[in-house]
Amino acid sequence: TPEDAGLAYVSGVAASTDVLIGIADEYLSSSVPDGEVFWVVVSGPAAATKVTGTAITANTTVNISATTAGSVTAAGAGTQVGYAIKAAASADTSVRVQVATPIRG
């Protein structure tokens, strides 16, 4: 729950209705314990977990999934997180995204 300027706390996964979002550090190898610090990409390239079974073409909008928490999908309902840098096939589990959120450092 944001406390001040939306940057004090984060929840584990974004939902399609969340306004302030980012992509957690793609190099994290496990969950981050409560109270610990980690990086969130709010602008720039990052790998995002993708809903399997849906393809994403390059240079298209990527949104937070309305059906799979913590994942992105091709444009549709949900908060936009950025643009696909390259295509991701339906069987892929991640997609490279140029993150473009309303948060700026």
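This briefing describes the fold, the sheet and the nonpolar core of one protein chain. The model is predicted. The chain contains seven strands and zero helices, and 27% of its 105 residues count as buried. Five of the strands form an open sheet with antiparallel pairing.

**Overall architecture**

- Read from the start of the sequence to its end, the protein chain follows the pattern β-β-β-β-β-β-β.
- Among contacts in the protein chain with a separation of 6 or more, 49% are between residues 24 or more positions apart.
- The accessible surface of the protein chain is about 6400 Å². Carbon and sulfur atoms account for 54% of this surface.

**The five-stranded sheet**

- Across the open sheet, the strands follow the order β3-β7-β6-β4-β5. This order can be traced in the structure by starting at β3 and passing to β7.
- The edge strands are β3 and β5, the latter spanning residues 72-74, and each of them pairs on one side only.
- Neighbouring strands of the sheet are turned against each other by 45° on average, with direction ignored.

**Pairing around strand β6**

- Strand β6 runs antiparallel to β4, and three bridges join the two. In this pairing, V62 stands opposite G82 in β6.
- Strand β6 also pairs with β7 in the antiparallel sense, again over three bridges. Here Y83 stands opposite Q98 in β7.
- As background for reading such pairings, the side chains in a regular strand alternate between the two faces of the sheet.

**The largest nonpolar core**

- In soluble globular proteins, nonpolar side chains tend to be buried together.
- The largest nonpolar core of this model has 14 residues. Those that touch the most other members are I23, V62, V72, V81, V95 and V97.
- Four elements give two or more residues each to this core: β3 (43-49), β4 (61-64), β6 (80-84) and β7 (94-100).
- Strand β7 provides the largest share of the core, namely three residues.

**The surroundings of I23**

- I23 is one of the core residues that touch the most other members.
- Leaving aside neighbours within four places in sequence, I23 is in contact with W39, V40 and V41, and also with A46, A47 and A48, among others.
- The remaining contacts of I23 beyond that sequence range are V81, V97 and V99.
- Of these contacts, V81 and V97 are also named among the core residues that touch the most other members.

Key:
Residues numbered from 1 in each chain as written. Predicted model: local features only at pLDDT ≥ 70, side-chain atom pairs only at ≥ 80, totals over all residues. Heavy atoms only, no water. Core = buried A, V, L, I, M, F, W, Y, C linked by side-chain atoms within 4.5 Å. Buried < 20%, exposed > 50% of the residue type's maximum accessible area, 1.4 Å probe, protein only. Contact = heavy atoms within 4.5 Å. Pairing = 2+ DSSP bridges. Axes fitted to C-alpha atoms, helices over the stretch in contact; angles between N-to-C directions. Areas by Shrake-Rupley, 256 points an atom, 1.4 Å probe, with all protein chains shown as cover.
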